[in-house]
Each structure stands twice: as structure tokens, then as C-alpha cells.
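Q: Could you walk me through how to read the features of a two-chain model, one at a time?

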2 protein chains.
Amino acid sequence: MKVVVDIYGGDNAPHEIIAGCVDAMRKYKGFDIVMAGKSEQIKTLLKDYPIDDYSRIEICDAQEVISNDEVPTTAIRNKKNSSLVVALEKTKSDKDCIGMVSAGSTGAVLTGAFLKIGRIKGIQRPALAPVLPTIKGGSAVLIDCGANVDCKANMLVQFALMGNAYAKTMLNIENLLSNGTEDKKGNELTHEAFTLLKQTDLNFVGNMEAREIISGDYDVIVCDGFWGNIALKSLEGAFLSLMSLIKAEVMSSLKTKIAGSMLKKNFKNIAQKMDYNKNGGAPFLGVEKIVIKSHGSSRAESICGSIMQVVNMHKNNLIVNLKNELPNTEQAE
Amino acid sequence: MKVVVDIYGGDNAPHEIIAGCVDAMRKYKGFDIVMAGKSEQIKTLLKDYPIDDYSRIEICDAQEVISNDEVPTTAIRNKKNSSLVVALEKTKSDKDCIGMVSAGSTGAVLTGAFLKIGRIKGIQRPALAPVLPTIKGGSAVLIDCGANVDCKANMLVQFALMGNAYAKTMLNIENLLSNGTEDKKGNELTHEAFTLLKQTDLNFVGNMEAREIISGDYDVIVCDGFWGNIALKSLEGAFLSLMSLIKAEVMSSLKTKIAGSMLKKNFKNIAQKMDYNKNGGAPFLGVEKIVIKSHGSSRAESICGSIMQVVNMHKNNLIVNLKNELPNTEQAE
């Protein structure tokens with residue numbers, strides 16, 4: 001059982017990515033890691049991260065790197081020797097590879113997974129499905145979160161089915177489900193998706209407002225990738241902004257500094273609770289193998305988490321369950 | 001110079017709405033208030049809010065109320081004797097009325113303003129343009145924020161022109177401008193709008209990410225009303241959630257309670273800084289008179305602020321400036 005990792009994807013590559021791989025291998029047994037990237041440099045860097053059993057590491061040489069600025073389709077087509085493309089090809093062709101992790105360009109990872117690994121039969125468009133922490137301490141799946149723009153209603157229905165299967169398999173959540181929209185009225189797409197979702201066997205609870213995304217009242221939230229991205233980024237921006245405002249207030253006088261130090265652990269609790277990247281990345285649901293897109297700013301902890309996501313999703317038969325949970329796919333098309 | 005107020009719109013109507021009207025009249029001179037609603041009840045309630053000069057108040061009787069649950073177009077058409085419709089008709093027909101304020105159903109206020117007051121010539125779709133506080137202490141105009149879904153690219157261009165005129169007139173902001181989108185790629189609509197915006201005389205700085213909305217780096221942010229609503233509600237949800245998490249942490253022990261009380265003023269500073277409703281409501285730009293949509297949960301302070309927004313926008317010739325700033329309207333269509 002092997003997990004492929006794109007060693008040169010992400011802002012902190014290759015150091016933090018390698019450190020994350022080694023962390024995962026140190027903590028857990030039962031899987032090997034395939035490292036895709038510049039083999040000589042990887043070998044040198046590995047000297048800084050000793051592990052017991054180097055036979056658990058396989059290196060696939062790849063001399064090129066795809067940057068965030070490149071047009072995804074062009075990069076995937078032209079940079080055949082990039083760490084990402086080599087990782088994708090390896091994941092596809094080696095039957096022992098259960099999935100892969102990349103913190104590289106979101107567009108390139110998703111396009112690459114679509115083109116190189118391929119879709120599950122019947123799925124029109126795979127979707128990115130991060131799991132967000134809710135204020136009640138639970139989780140909510142937001143699908144799609146940026147892979148697909150200008151979606152059609154039947155695509156939203158497939159997102160709902162995949163999100164539901166994912167939540168059931170990985171989060172032990174029963175299928176409470178909603179369609180992300182501003183209010184009862186929504187737009188043309190939500191109207192159409194609403195009607196289609198009502199016809200499924202899903203526990204579709206209707207429309208909801210973006211304000212409620214992290215309320216904990218919804219388990220799976222379905223939306224066009226463009227909206228999902230706006231929602232996710234707005235939430236992220238609000239948290240970062242508020243945290244920086246709090247910091248500024250705390251630093252404003254001696255009294256507030258003292259109070260701030262008394263609350264340090266509590267602020268940390270909150271930051272950790274709301275950090276949706278700490279336990280790994282977002283699965284790209286609907287492709288034939290497990291693909292985890294880690295945040296571009298991922299450090300070792302998050303990469304380690306992403307690798308373990310791949311392992312756990314495999315152990316829980318995510319791909320099989322996804323396929324089984326899509327009986328209505330043909331009808332929905 | 002009169003400002004019309006829908007006394008029966010909003011969660012806290014009629015008490016807080018009347019209190020807000022009286023506050024505004026106590027604090028500022030030079031305008032009168034037209035109160036639309038149940039005249040007998042208004043007269044009774046006014047006894048609780050004494051002012052020097054009752055001749056500044058004109059009451060337009062309206063016995064019906066439009067609720068949030070009603071379909072806007074139907075409600076506007078059928079409830080001719082509702083406080084909202086009476087307020088709209090008065091605003092339209094009385095040349096001394098410079099504008100109006102309502103905290104009622106957003107859909108009904110916007111639909112009503114569109115149908116009853118009418119658009120500025122050349123404007124396809126008026127748009128809701130709240131001013132958001134930024135973490136740098138400045139302001140950002142988010143247009144459209146829920147009035148129009150399924151927008152066309154030329155509508156976004158008009159939003160940009162209106163948002164720009166508004167920012168210049170009311171906020172002394174130079175026309176730095178952007179098109180709300182997830183990233184460089186965006187969707188079909190942002191592609192098309194991008195091309196059109198580049199052709200205008202506006203200082204269009206290109207696309208931006210939702211994460212940056214309140215960063216203070218953008219003055220006018222243009223988007224489809226559906227996305228704008230998602231962004232606004234996500235921001236709101238994130239702030240409310242984070243504030244409730246902080247509250248829970250502060251209440252968790254004696255030590256944290258003490259620290260919390262030491263930071264009470266600071267938390268209040270932040271809450272006030274980020275409260276985009278405290279100074280009034282959101283203007284509905286593109287109709288022939290000034291229309292302010294106050295938040296449904298508005299209390300007296302916010303209603304008072306909304307009334308003063310109408311007065312100040314009138315003094316600053318907002319409608320005239322909006323008309324002057326739309327030279328490209330015909331071409332854009």
C-alpha cells in the first residue's frame with residue numbers, strides 16, 4: 001500500500017513536504033511513501049529526517065515544478081517531467097498506489113487528477129470537498145469548493161451524492177444535506193437543483209444561508225464551485241482579519257497584554273478549532289483514486305495529516321462507497 | 001426636505017423605528033420625517049418619544065404590513081395599503097421627499113423601489129451596495145449584494161460605475177475597483193465582465209479573492225448579487241461564530257473571566273469596528289430617489305443612521321452624480 005506525494009508542490013516545498021512524509025511514516029506503519037520530485041535533492045534532504053526503514057520510501061524522479069502562475073491544462077500537458085504529473089502518472093499506473101497528496105497549484109492538481117487519473121464512471125465532474133469545523137465542534141462538508149464553475153443543476157446533484165457518501169464514510173455523519181443559496185429564492189441554478197434534489201433519496205433539508213455554513217446545523221452543503229470558493233475564502237478572510245484585530249487590541253496596552261497572556265491558551269484553542277487545514281487537505285471526490293489537495297501553505301503537520309487521510313479513506317473503502325452511493329447518477333444526467 | 005420611513009418594517013418595528021426617527025430629529029435639523037404605518041398606533045407611541053416640534057412629523061396611514069415570508073412582487077402588487085408600499089408611493093410622488101428608509105423584507109423593499117420609484121434612465125438593474133468596514137479602518141463598497149441574481153456582464157459594469165460614483169461621492173474614495181472572483185480564472189461571467197471593465201475609464205485593478213474583501217486593499221468590489229450575498233453572509237457568520245467561541249472560552253474559568261473583563265472594552269471596539277449596520281443601512285443604487293435598506297434587526301441607532309444617510313446623500317447630490325458618472329451606460333448595453 002503506497003501513498004504518492006508531490007514533494008515539490010506548495011509554498012513550503014520541498015522541506016516541509018518531506019518532513020510531513022517522514023512524520024507520517026514515523027507515527028504509523030502499514031504503508032509506504034512514493035516521493036515525486038528531484039531525486040538527488042530528496043535524497044540529500046532525507047538525511048535531515050532519519051527514519052528506521054528507508055525501504056518504505058520510493059523516489060520517482062521528476063526534475064520540473066509546476067508553479068501557481070501556470071495555466072493548469074497547459075502545465076499538465078507540457079510539463080510531463082514535473083513532480084505533479086509524475087505523481088499523478090504513478091498514482092494511476094501503480095495498482096499498489098492507493099492515492100496521492102499535493103499542496104501544489106489547485107488548478108493544476110484538479111485538472112491533472114481529472115485528466116491523468118480519470119473520473120469514476122458516471123461522474124460528470126469531480127468536486128473539491130473540504131471538511132470545515134463548525135462552532136458546535138462538529139464538521140461540515142462544503143462541496144464543490146472551487147473545482148467547477150458555471151455548474152449545471154445535475155452536477156450539483158452529483159456533488160450532493162458524493163458529499164453524502166463522503167460524510168457517511170469518513171465522518172459518521174448521517175445524510176443531512178443542503179443546497180447553498182442566499183435564501184428561499186436563490187437563482188436559476190438553485191431552483192433547478194432544488195427540484196432535482198427533492199427527487200433523490202437524500203435527506204435534503206432545503207436551502208440555507210451562507211451565514212449558517214459553520215453553524216453546525218448542516219452536514220453537507222452543496223454549491224457551485226465558484227460560490228463555494230467565495231464562501232470559503234470569505235470565512236477564511238474573516239477569521240484572519242478578526243484574529244489580527246484581536247492581536248492589535250491585545251497589544252495596545254500593558255493591561256491588555258497581561259489579559260491577552262492569560263487568554264493565550266484559549267485563543268490558541270479557537271485558532272486550532274477553526275483551522276480546517278490542520279488535519280490535512282480537501283479530497284477531490286469523483287476521480288478513480290484518492291486525491292488530497294493540501295493547502296498551498298501546508299507545513300509538515302498538515303502534509304502528515306493529508307497522507308493519513310489517504311490511508312484512512314482507503315481503509316474505509318471511500319472509492320467503493322462513492323460508487324455504490326451513486327445509483328441515481330444515470331437518471332440525473 | 002422630507003425623509004420617508006417605513007415604520008412597520010423590521011424585526012423591531014414599530015418601537016425602535018419610531019425611536020430612531022425621533023433620535024434623528026432631536027440630533028439634526030433641516031429635514032422632516034414622513035412616517036408610513038398605522039397612524040393611530042404611531043400617534044400613541046410618539047407620546048413615549050417627545051420632541052420639540054411635532055410639525056416635523058407627517059404621518060401617512062397604512063394599515064397593512066408586509067412580512068419576510070411573502071413573495072415580494074405579489075406583496076407589492078396586492079398590499080397597496082402596506083407601510084412599505086405607502087412609503088414608496090409617497091417617496092415617488094412628493095417632490096419634497098428626498099428618499100426613504102425601510103428595515104423590512106429585503107426582497108420587498110428592492111422590488112418595490114424598482115417598481116414604484118423606478119430606475120434611473122439607462123440603468124438596467126439597481127443594486128444593493130453596503131459599505132463594509134475594513135481591518136485597516138477604512139471602507140469597501142460591495143455591489144451587488146443580493147438584489148440581482150444571474151447577472152449579465154454588462155450589469156456588472158453598471159454596478160462598477162454606480163459603486164464608483166457612490167464611493168467618490170460619499171466616502172471620498174478614489175476609484176480603485178475590482179471584480180469579485182475566486183482567482184485569475186473565474187467563471188464565464190467574470191471573464192466577460194473583466195473584458196468590459198478594462199474598456200471603461202474606471203481604475204479597474206482586476207480580479208481579487210473573496211479572502212481580501214475586508215482587507216482594505218479594495219474600495220469597490222463588484223459581483224453578482226448571489227455571490228455578494230454569499231460573501232456578506234459568510235463574513236457575518238464567521239464574525240458571529242468567532243465572537244461566540246471567544247465568549248465561551250472567556251467564560252470557561254475564573255482566570256479567563258478576569259482576563260475577559262480586562263479586555264471587555266477591546267472586544268467591544270472590535271465588535272463596533274466590524275458592525276457594518278451601526279451607521280445605517282445599504283443604499284439601493286440606481287433608482288430615481290435615495291432608498292436605504294436597513295438591516296432587519298435594526299434598532300433605533302441604526303434607523304437614525306439610515307435617515308442621516310438619506311440626508312447626507314441628498315446633500316452630496318448622489319443621484320445627480322450617479323447620473324453623471326454613467327456616460328458609458330449606452331455603450332455597455
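A: Happy to; we will take the interface, then the symmetry, then some backbone details.

A: This is a predicted model, in which local features need pLDDT of at least 70 and side-chain atom pairs count only at pLDDT 80 or more, while totals for chains, interfaces and linings use all residues. Residues are numbered from 1 along each chain as its sequence is written, and chains are lettered from A and ligands numbered from 1 in the order in which they are written.

Q: How many residues does the contact take from chain A and from chain B?

A: Two residues are in contact if their C-beta atoms, placed from the backbone, lie within 7 Å. Here the contact takes 43 residues from chain A and 43 residues from chain B. On the side of chain A that touches chain B, the elements giving two or more residues are helix 8 (225-250), helix 9 (254-262) and helix 10 (264-274); helices (H or I, at least four residues) and strands (E, at least two) are DSSP runs, numbered from the N terminus. Helix 8 of chain A gives the most to this side, with 18 residues.

Q: Which surface does each copy use to meet the other?

A: The copies meet through the same surface, because 100% of the interface residues of chain A are also interface residues in chain B.

Q: What turn and what shift lay chain A on chain B?

A: Two copies of a chain are related by a rotation about an axis and a shift along it. In this model, chain A can be laid on chain B by a turn of 180° and a shift of 0.0 Å along the axis, with an RMSD of 0.0 Å. That is the relation of a two-fold axis. The C-alpha of chain A nearest the axis belongs to Ala259(A), 2.2 Å from it. The copies are superposed by least squares on the C-alpha atoms of residues with pLDDT of at least 70 in both.

Q: Where is a cis peptide bond found in chain A?

A: Look at omega: the bond from Ile143(A) to Asp144(A) is cis, with omega near 5°. Asp144(A) sits in the loop between strand 7 (139-143) and helix 6 (153-171) of chain A.

Q: Is Asn317(A) buried or exposed?

A: A residue is buried if 20 or more other C-beta atoms, placed from the backbone, lie within 10 Å of its own, exposed if 12 or fewer, and partly exposed in between. Asn317(A) is exposed, with 12 other C-beta atoms within 10 Å. Asn317(A) also has a positive phi of about 55° although it is not a glycine.
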